[in-house]
Amino acid sequence: MRQKILSLVSEVMPTVIAIRRDLHMYPELGHMEFRTASRVARRLKDLGFDVKVGREVMDPDALLGLPSAEELEAAYRRAEAEGADPEFLPLMRGGLTGVVGEWRTGRPGPTLAMRFDMDCIPVTESTDPDHLPFTEGFASRHPGEMHACGHDGHTAIGLGVAEIITQIADELCGTIRLIFQPAEEGCRGANPLAEAGVVDDVDYLLAVHLGCGVPSGHLYTRIDGLLASSKLDVTFKGTPAHAGAAPHLGHNAVLAMAQAIQGLYAIPRHGNGASRINVGVVRGGTGRNVIPADAYMQLEVRGATDDILGYMEDRARKVLEGAAIAQEVELSISVQGRGLSSNNSPELAALIAEEASHVPGLTVHNAGHVTGGSDDFTILAARAAQHGAQTLYMDQGTDHKAGHHTPRFDINEADLQHSLAVFALAVARICAVK
């Protein structure tokens, strides 16, 4: 069976690479993956999967960090023009771009779910002569948007797994569920999927990330040390006034924001583990002679554990509230994204390590690799674990000339084959007919 799967992996790799390059040309930001998600859904349906999209797999009331209505509509229209699937596209309006494909074998057995993220980030891709996507003609066609984190590869791997499942289906039992998640960047897309219950009945849940500082040809069975994170948007609403004639009549929103920023960075770091805070965006005011009535900021807090995150978020909210009170302005805080700390099953890691050891050219480390980042796969993992599932987030190494989220980021496409083989072997092992 293993040799059959490795042969199938080699056979489908040209398709996987073609899919990855197509997705790389048409990157889409979180909750606006209309072309990507609709074409994923079409491919899954054509392969024979039961496909659900939009409201069937995402709770609209649990959406986080949704773009404006104007941004969503512009992205929708662009996707229409660029080959989005007409059957599935209308079901995704409003940013409901999640896709779940399910293969039911008809035989009793476990439910295995796998998560693949689809979104890009707001980076303009390099046109340097040694940047492979540019020289090979598959660089981003969307200025200011780029697959600079490998999610195009993740999605292509998922569709490759789907194709292999169809070819070994007679030897499988149980149910295999492929979850294609929007808006991982900013930790936004997993929450509505989790609240819709897409992992409530699973026995196993797997995911992988390409790169993260691990070289090509190496697999770490666990990504450890993910920081729990909350992404907050903050608005201060004050009262305008003439800055020369009547400054005492105004209530300065920008001053409240400035005081808050100083207070946020002064929050004592937690003694039981890593904690982080960053104010990444600030805007406010209308003119030099007007007491500013409006100010806006984007910030994030992170912690090595969920408890440390809770401490950081609670202190941040108190700082924001205090600054608003001091300047007599109104305050609103909205959560735009959320991730939890790592939660990996050692039993599932050992199983994956055993199967991955049979992949040619892959060195397997049944150990944790610490990335220092955040990922809302942890939301799905925590939800699944609450219902008794084993969960695992793997790190597939890949060489790249520049770091994640940079204009020259690229992946070594040979590592797509390694990850595809690991997933396919995991399916065969976990869902093998007994």
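A residue is called buried when its relative accessible area is under 20%, exposed when over 50%, and partly exposed in between (1.4 Å probe, protein chains only). The model is predicted, so local features need pLDDT of at least 70 and side-chain atom pairs count only at pLDDT 80 or more, whereas totals for chains, interfaces and linings use all residues. Residues are numbered from 1 along each chain as its sequence is written, and side-chain values use heavy atoms, with hydrogens and water left out.

Select first strand β7, residues 228-237; 8 of its 10 residues are buried, so the strand is largely enclosed by the rest of the structure. Strands (E, at least two residues) and helices (H or I, at least four) are DSSP runs numbered from the N terminus.

Add strand β9, residues 294-303, which pairs with β7 in the antiparallel sense over 10 bridges; pairing requires that DSSP finds at least two bridges. Next add strand β10, residues 330-339, joined to β7 by 9 bridges and also antiparallel. At Phe236, the residue opposite in β9 is Ala295, and the one opposite in β10 is Leu331.

Turn now to the largest nonpolar core, of 79 residues. Such a core is a set of buried Ala, Val, Leu, Ile, Met, Phe, Trp, Tyr and Cys residues joined through side-chain atoms within 4.5 Å. Select Leu44, Val99, Met114 and Leu178, which touch the most other members. Helix α11, residues 414-430, gives the most to this core, with 11 residues.

Finally, centre on Val99. Beyond its neighbours within four places in sequence, its contacts (heavy atoms within 4.5 Å) include Ala37, Leu44, Met92, Leu178 and Phe180.
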